[in-house]
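Biologist: Please take a close look at one helix in this model and the sheet it packs on. I would like a connected account of that part and its surroundings.

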Amino acid sequence: MSEKRHWIFLRGLVRGRGHWADFPQKFQMKFPQDTYEMIDLPGNGESFRETSPKKMLDYVQVVRSRSVAIREGKKVHLLALSLGGMVAVDWMNHYGDEIEKTFLVCTSAANMAHFYERFRPENYLKILSLVKVHTASEYEEKLLDIIANNRDRRQDLLSQLVHYSARYPMSRKNFLRQIFAASKARFPEAKPGPIVLIGSYGDRLVSPDCTLKIAMAWGLKARMHPSAGHDIPIDDPDWLLEQLQ
């Protein structure tokens with residue numbers, strides 16, 4: 001039997017724990033011996049009333065303080081997507097002894113990619129338009145059109161995601177503060193610990209070159225999905241689970 005692992009799932013920009021959709025249930029079926037925590041970044045999901053920090057280390061401190069596993073002195077595995085990946089790397093920089101292994105999904109860093117690779121220019125107006133929408137339905141449909149490529153999965157999960165976003169709305173202030181924090185995120189020249197890099201050639205929000213450049217800098221081989229969008233847990237959760245073996 002496999003050794004029990006303790007996981008923390010970290011979502012990305014403007015996304016909360018409910019935006020993992022059915023991934024946690026699939027994860028538990030795949031790894032029944034493991035435990036996991038889904039912790040929202042300040043300003044996202046159930047923490048939507050909080051102010052999003054502008055510094056990555058502030059996100060780290062909040063997540064650490066809310067983790068049961070960390071409070072119990074357990075070493076954790078991190079599954080961290082996008083902005084969550086930037087938080088995870090900073091966590092490893094400052095408290096690396098708390099982390100067994102980190103899986104970084106579709107993330108990027110200011111010192112390892114151009115700004116137009118980290119945030120593709122064709123999405124600037126689309127993303128900014130999200131702050132003007134009036135319903136959670138419109139918000140989810142517009143955002144999923146940017147971050148997810150699997151139309152069938154998007155349609156199947158839409159009502160669940162709309163319900164969650166309506167209950168825990170994203171504020172314009174936190175949206176902008178998170179973009180600012182992400183824009184300043186920098187990674188160390190050498191990998192800060194055991195890391196698996198995961199990306200997708202179909203990512204239309206962030207260039208897949210971001211993951212490939214990190215891999216080159218850290219001497220890693222990135223695991224690249226051939227067609228999924230930025231939100232791999234939505235597009236192809238089964239493939240992502242295979243990478244966590």
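Modeller: Helix α10 lies across β4, β5 and β6, and its direction is at about 155° to that of β5. The model is a predicted one, and what follows is computed from it.

The helix covers residues 209-218, and its buried residues are Cys210, Thr211, Ile214, Ala215 and Trp218. Seen down the axis of α10, these buried residues fall within an arc of 140°, so they line one face of the helix. They pack against β4, β5 (195-200) and β6 (223-225), and also against the helices α4 and α5 (115-118). Just after α10 comes Gly219, with a positive phi of about 70°.

The strands under the helix belong to an open sheet of 6 strands, ordered β2-β1-β3-β4-β5-β6, with parallel pairing. Its edge strands are β2 (35-38) and β6, each of which pairs on one side only. On average, neighbouring strands of the sheet are turned by 20° against each other, direction ignored. At the β6 end, β5 and β6 run parallel and are joined by 3 bridges. For Ile198, the bridge partner in β6 is Arg223.

Trp218, one of the buried residues of α10, also belongs to the largest nonpolar core. That core has 35 residues, and the members that touch the most other members are Ile8, Met56, Trp91, Leu104, Phe187 and Trp218. Among the contributing elements, α4 gives the most, with 7 residues. A second, separate core has 22 residues, including Ala21, Tyr139, Leu161 and Val206.

Two residues outside α10 add to the picture of the surroundings. Ile8, a member of the largest core, touches Trp91, Ile70 and Val76, among others, and its contacts also include Glu37, Ser67 and His77, leaving aside residues up to four places away in sequence. Glu98 sits in the loop between α4 (83-95) and β4 (99-105), two elements against which the buried residues of α10 pack. Is Glu98 buried or exposed? Its relative accessible area is 15%, and the cut-off for buried is under 20%, so Glu98 counts as buried. With residues up to four places away in sequence not counted, Glu98 touches Arg64, Ile70, Lys74, Lys75, Val76 and Trp91. Ile70, Val76 and Trp91 are thus contacts of Glu98, and they are contacts of Ile8 as well.

Technical notes:
Residues are numbered from 1 along each chain as its sequence is written. This is a predicted model: local features need pLDDT of at least 70, side-chain atom pairs count only at pLDDT 80 or more; totals for chains, interfaces and linings use all residues. Side-chain values use heavy atoms; hydrogens and water are left out. Helices (H or I, at least four residues) and strands (E, at least two) are DSSP runs, numbered from the N terminus. Buried means under 20% relative accessible area, exposed over 50%, partly exposed in between (1.4 Å probe, protein chains only). Contact means heavy atoms within 4.5 Å. The arc is that of the directions from the helix axis to the C-beta atoms. Two strands pair if DSSP finds at least two bridges between them. Axes are lines fitted to C-alpha atoms, for helices over the stretch in contact, and angles run from 0 to 180 degrees between N-to-C directions. A nonpolar core is a set of buried Ala, Val, Leu, Ile, Met, Phe, Trp, Tyr and Cys residues joined through side-chain atoms within 4.5 Å.
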